Amino acid sequence: MIQSLLLFVVAGVCEIGGGYLFWLWLREGKSPWLAVIGVVILGVYGVVPTLQPATFGRAYAAYGGVFIVLSILWGWIVDRIAPDKYDLLGGWIALLGVLVIMYAPRR
């Protein structure tokens with residue numbers, strides 16, 4: 001379970017970080033090299049979820065919840081926009097969904 005959660009976090013950081021670098025280039029006029037690095041990181045993101053033990057649909061459904069939580073954290077840490085109580089509540093609900101989807105006992 002710990003390895004699976006770490007893979008979700010690595011995938012999320014790659015997706016958000018790669019997209020952010022592309023954003024910096026396209027929206028904020030930063031170096032085109034940031035876009036190149038962003039594309040490479042997004043390529044890594046494409047590989048990481050394949051290491052999950054679950055099926056594609058289940059892994060990506062659960063990853064969506066992790067992505068929500070990581071996006072809230074990214075906004076808080078990088079963009080310095082503190083989440084409000086509804087962001088936090090939504091993040092907890094999404095994280096609960098991840099735990100149910102990925103780790104609920106099945107037959």
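This passage walks through the helices, aromatic pairs and surface of the structure shown above.

The model described here is predicted. Its secondary structure comes to four helices and zero strands, and the pattern along the sequence reads α-α-α-α. Taken along the principal axes, the C-alpha atoms of the protein fill a box of roughly 50 × 35 × 20 Å. The protein has 107 residues, of which 27% count as buried.

A good place to begin is helix H2, which covers residues 32-47. Its 16 residues should span 22 Å at 1.5 Å a residue, and the C-alpha atoms at its ends are 24 Å apart, which agrees. The buried residues of H2 are Ala35, Gly38 and Tyr45. Seen down the helix axis, these buried residues fall within an arc of 65°, so they line one face of H2. What does the face turned away from the buried side of H2 carry? That face carries the exposed residues Trp33 and Val40.

Trp33 deserves a second look. Its relative accessibility is 61%, and because residues count as exposed when this value is over 50%, Trp33 counts as exposed. Trp33 also takes part in a nonpolar surface patch of about 490 Å², together with Val36, Ile37, Val40 and Val44. Thus Trp33 and Val40, found on the face of H2 turned away from its buried side, are both members of this patch.

Attention now turns to the aromatic rings. A search of the whole structure finds six aromatic pairs. In one of them, the ring centres of Phe22 and Trp25 lie 5.2 Å apart and the planes stand at 75°, so this pair is edge-to-face. The reasoning rests on a simple cut-off: planes over 60 degrees apart count as edge-to-face. Both Phe22 and Trp25 sit in helix H1 (residues 2-28), three residues apart, about one turn of the helix. A general rule helps to picture this spacing. An α-helix has 3.6 residues a turn, so residues three or four places apart point the same way. As for accessibility, Phe22 is partly exposed, with a relative accessible area of 30%, and Trp25 is likewise partly exposed at 29%.

Another aromatic pair is formed by Tyr63 and Phe67; it is tilted, with 6.1 Å from centre to centre and 55° between the planes. Where do these two residues lie? Tyr63 and Phe67 both belong to helix H3 (residues 56-77), four residues apart, which is again about one turn of the helix. Is Tyr63 buried or exposed? With a relative accessible area of 5%, Tyr63 is buried, because the buried class takes in values under 20%. Phe67, in contrast, is partly exposed, with a relative accessible area of 28%. Tyr63 and Phe67 also join Phe8 and Tyr45 in one aromatic cluster. Tyr45 in this cluster is one of the buried residues of H2.

Helix H3 also holds Ser71. This serine is partly exposed, with a relative accessible area of 27%. Which distance separates Ser71 from Gly12? Although Ser71 and Gly12 are 59 residues apart along the chain, their C-alpha atoms are separated by 8.3 Å.

Technical notes
Residues numbered from 1 in each chain as written. Predicted model: local features only at pLDDT ≥ 70, side-chain atom pairs only at ≥ 80, totals over all residues. Heavy atoms only, no water. Patch = residues over 30% accessible without salt bridge, like charges linked within 9 Å, V, L, I, M, F, W, Y side chains within 5 Å. Areas by Shrake-Rupley, 256 points an atom, 1.4 Å probe, with all protein chains shown as cover. Salt bridge = Lys/Arg side-chain N within 4 Å of Asp/Glu carboxyl O. Buried < 20%, exposed > 50% of the residue type's maximum accessible area, 1.4 Å probe, protein only. Phe/Tyr/Trp six-rings, centres within 6.5 Å; stacked < 30°, edge-to-face > 60°. Expected span 1.5 Å × (residues − 1). Arc of directions from axis to C-beta.
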